[in-house]
Amino acid sequence: MPRWGMVIDLDKCTGCQACVVACAAETNAPLGSPDIAAMGRIIRWLQILPKIEGEYPYITADMMPIMCQQCEAPACTYVCPVAATYRNHEGTVAQIYWRCIGCRYCVNACPYTLKWFNWWKPEWPGETAQATNPDVELRDKGVTEKCCFCHHRLQTAKEKARAEGRTVRPDEYIPACVEACATRCIVFGDLDDPDSEVSRLARSPRAFHLLEELGTKPKVTYLKSR
Amino acid sequence: MPKTLAILVLVGVTAIGGWFVVSAWGGGSVQQPVAYNHKVHIDAGMECAACHTGAEEGTHAGIPTTDKCALCHKVDRPYPKTPKDLAFYLKANKEIPWRQLHRTRRHVYFSHQRHVALAGIDCEKCHGDVKKKTTPFDRAAFPDRQAGMNLCVDCHRKEKVTTDCMACHR
C-alpha cells in the first residue's frame with residue numbers, strides 16, 4: 001500500500017507561482033473578487049507564503065509553497081462531527097464535499113490554516129464557466145475544501161494500471177503543482193518505497209516540517225540548507 | 001362555507017401533488033427524437049460496444065452519432081427499413097439530439113471500463129434488460145431509477161471492493 005507524500009526543495013524554489021496557477025486551474029478554484037480578497041477569504045489550496053527577513057534593501061526572502069500538509073495525525077479529522085474529512089488507507093486526508101455540513105471545526109483546528117470555507121456561492125464569470133475541470137467537483141456555498149493531492153488523478157491512474165495488470169507507476173500519478181513546477185523543486189511519490197525519490201529526499205539532512213513540534217506528522221516535507 | 005372550501009382546497013392539493021408523484025415515479029416522461037428499438041438491433045447480431053464505443057474501454061459508454069446509423073440505414077434503400085424520424089436526420093446530415101438519461105453527478109467517479117471490461121459485470125445489472133427493449137429509453141433504468149450510493153456500495157461490499165469514500169467521490 002503506497003503512502004503518498006511530497007517534498008518541496010526551497011533551495012530550488014524561485015517563487016514563480018506556476019504551481020499556484022496550475023492548482024487553481026486544475027481544481028476549479030473560484031476566481032474571487034477584490035472585496036473577497038480584502039477580507040482574506042480568497043480560496044487557493046496552494047499558496048506562496050513569503051518570509052522576508054532583514055531590513056530593506058538588505059533583505060532575504062523565502063518563498064514557501066504551502067498546501068494541505070497531509071498530516072499523519074490530522075487535527076482536522078479529529079474534530080469533524082460527520083467524518084467528511086478523514087485519513088484514508090493510503091494516508092491521504094480526504095474531504096468529501098457532499099458529506100460536509102459546513103461547521104468549520106476543521107478550518108479552525110488546522111494549525112496551518114490550510115482549509116478553506118466557501119462563504120459565498122462560487123462564481124466562474126464569463127467563459128471561465130465552460131473551462132472548469134470536469135474531473136473535479138464545483139464546491140458550493142457552505143462547504144469546506146482543501147488540497148487532496150489531486151486525488152482525481154489517482155482515480156484514473158489506478159484504473160489505467162489495473163487495466164494493464166500492474167500497480168500505479170511513480171510517473172503516472174502526479175499532482176498538477178508538481179507537473180507545473182519549472183525548477184522541479186516539488187517531488188511527489190510513495191514515502192513507503194525506500195527507493196523512491198520522495199522518500200530519499202524526505203530523509204535528507206536538510207529536511208524539516210512545518211510546526212513540527214505539534215506532532216501532526218505532515219507528509220509534506222520541506223528542504224532547506226542553512 | 002369555509003369548511004367545504006377547505007376540503008375542496010385539500011382535495012385539489014392532493015390531486016396535483018399526487019399527479020406530480022405519479023408522473024415522477026410512474027411511466028417515463030422523456031421523449032426521444034427517434035423511436036429507436038434496441039431489440040431489433042441486438043437480434044440482428046450487434047454488440048453493445050459497437051454503438052456504445054466507450055462501454056468496454058472508456059469511462060463513458062457514449063451514445064452513437066448519426067454516421068453510425070448511416071452505415072446501415074440509407075434513405076433510398078428499402079432494407080433495413082428507415083423510419084421517417086430517422087430519415088429526417090440522415091437526410092439533413094444532422095446529429096440526433098438524444099437525451100442522456102443515465103447520469104451520475106460530477107462529484108462521483110464512475111468508469112464503465114472498470115466495471116464492464118475489468119470486473120465483467122453485465123450491462124443488465126445496472127441498466128435493466130436492454131436486449132428486450134423495443135422502445136427508446138424514456139427514463140433511467142437503474143434499479144432504483146438513479147445510480148444512488150446504495151447501488152454502488154451494496155455491490156462493492158458483496159464483491160469486497162473498496163468502500164473508501166475517496167475511491168468514488170472527488
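In which sense do E9(A) and strand E10 of chain A pair, and over how many bridges? I looked this up before anything else, keeping in mind that this is a predicted model. E9(A) and E10(A), the latter spanning residues 220-223, pair in the antiparallel sense, and two bridges join them. I then went down to single residues and found that Phe208(A) has Tyr222(A), in E10(A), as its bridge partner.

**Entry: the sheet around that pair**

I widened the view to the sheet. Four strands of chain A make up an open sheet with mixed pairing, and I read their order as E8-E1-E10-E9. Strand E8 (186-190) and strand E9 (207-208) of chain A are at the edges with a single partner strand each, so one side of each has no neighbour in the sheet.

**Entry: helix H5 of chain A**

Next I turned to H5(A), which runs over residues 151-163 and has 13 residues. From first C-alpha to last I get 19 Å, close to the 18 Å expected at 1.5 Å a residue. After the helix comes Gly165(A), and its phi is positive, near 65°.

Which residues of H5(A) are buried? My list reads His151(A), His152(A), Arg153(A), Leu154(A), Gln155(A), Ala157(A), Glu159(A) and Ala161(A).

I also wanted to know what covers them. From chain A, the cover includes strand E1 (4-9), helix H1 (18-26) and helix H6 (176-180). Chain B takes part too, with helix H6 (112-118) and helix H9 (165-168) included in the cover. E1(A) thus turns up twice in my notes: in the sheet order and in the cover of H5(A).

**Entry: cavities**

My search of the whole structure turned up four cavities of 30 Å³ or more. The largest cavity has a volume of about 250 Å³, and 21 residues line it. Nearest its centre lie Trp45(A), Cys148(A), Cys150(A), His151(A) and His152(A). Happily, this ties back to the helix entry: His151(A) and His152(A) are among the buried residues of H5(A), and H5 and H6 of chain A each give at least two residues to the lining of the largest cavity. By class I noted 15 nonpolar, five polar and one charged residues in that lining.

**Entry: the second largest pocket**

Last, I looked at the second largest pocket, with a volume of about 260 Å³. What lies nearest its centre? Of the 16 lining residues, I wrote down Pro30(A), Gly32(A), Ile36(A), Lys121(A) and Pro122(A). The lining of this pocket divides into ten nonpolar, three polar and three charged residues.

Note on methods: Residues are numbered from 1 along each chain as its sequence is written. Chains are lettered from A and ligands numbered from 1 in the order in which they are written. This is a predicted model: local features need pLDDT of at least 70, side-chain atom pairs count only at pLDDT 80 or more; totals for chains, interfaces and linings use all residues. Side-chain values use heavy atoms; hydrogens and water are left out. The expected span of a helix is 1.5 Å times one less than its number of residues. Buried means under 20% relative accessible area, exposed over 50%, partly exposed in between (1.4 Å probe, protein chains only). Contact means heavy atoms within 4.5 Å. Two strands pair if DSSP finds at least two bridges between them. On a 1 Å grid over the protein atoms alone, a cavity is a set of points where a 1.4 Å probe fits but cannot get out, and a pocket is an open set with protein on both sides within 12 Å along at least five of seven lines; lining residues have an atom within 4 Å of a point. Grid points are joined across faces, edges and corners, and a volume is the space filled by probe spheres set on the points. Ala, Val, Leu, Ile, Met, Phe, Trp, Tyr, Cys and Pro count as nonpolar, Asp, Glu, Lys and Arg as charged, and the others, Gly among them, as polar.
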